[in-house]
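Student: Please take a close look at a single part of this model and describe its surroundings with care.

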Amino acid sequence: QVQLVESGGGLVQAGGSLRLSCVASGSIGTINHIAWYRQAPGKQRELVAHILSGGTTNYADSVKGRFTISRDNAKNTVFLQMNSLKSEDTAVYYCNAVISTVVAGIRGYWGQGTQVTVSS
């Protein structure tokens with residue numbers, strides 16, 4: 001069984017920074033695509049950033065230049081460094097990963113989410 005556990009959320013003032021972490025554990029074969037999504041109250045979940053196994057990254061226009069996604073393959077961990085935070089970045093942030101396992105094959109997994117609140 002695979003689990004994704006996020007951490008690093010919290011309350012920060014506008015202009016501040018936070019670093020989110022997501023650790024994958026369990027019977028992991030290969031972590032392929034891994035991404036951060038967020039969902040603000042009353043809004044749909046949206047893709048924030050993703051990173052492929054080779055290191056290719058992509059960002060939502062709203063966070064380009066402010067957020068950086070990175071991964072530590074040896075530790076099955078992905079990070080989201082968030083700088084110059086704005087009130088509109090307030091949301092629950094979720095980690096999503098496409099993982100290959102012997103039992104389940106290739107499928108997507110979600111973490112439980114971590115709250116980020118930016119006060120203006």
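Tutor: What follows is about one buried arginine, R71, with a disulfide added at the end. The model is predicted, with local features needing pLDDT of at least 70 and side-chain atom pairs pLDDT 80 or more, whereas totals for chains, interfaces and linings use all residues. Residues are numbered from 1 along each chain as its sequence is written, and side-chain values use heavy atoms, leaving out hydrogens and water.

R71 belongs to strand 7, residues 67–72 (a DSSP run of E, at least two residues, numbered from the N terminus). Although R71 is buried (under 20% relative accessible area, 1.4 Å probe, protein chains only), R71 has no salt bridge (a Lys or Arg side-chain nitrogen within 4 Å of an Asp or Glu carboxyl oxygen), and D72, the nearest side chain of opposite charge, is 8.4 Å away. Polar atoms of the R71 side chain do lie by backbone oxygens, at 3.1 Å from that of L52 and at 3.4 Å from that of I51. Leaving aside residues up to four places away in sequence, R71 touches (heavy atoms within 4.5 Å) I31, N32, I34, I51, L52, S53, T77 and V78.

Elsewhere, the structure holds 1 disulfide (cysteine sulfur atoms within 2.5 Å), which joins C22 to C95 with an S to S distance of 2.2 Å. Because C22 lies in strand 3 (residues 18–26) and C95 in strand 9 (residues 91–101), the pair ties together parts that are 73 residues apart in sequence. Both cysteines, C22 and C95, are buried, and the torsion about their S-S bond is about -80°, so the disulfide is left-handed.

Definitions and conventions. Helices (H or I, at least four residues) and strands (E, at least two) are DSSP runs, numbered from the N terminus. Buried means under 20% relative accessible area, exposed over 50%, partly exposed in between (1.4 Å probe, protein chains only). Lys and Arg count as positive and Asp and Glu as negative; His and the chain ends are not counted. A polar contact is a pair of N or O atoms within 3.5 Å; within protein, one must be able to donate a hydrogen and the other to accept it, and residues adjacent in sequence count only if both atoms are side-chain atoms.
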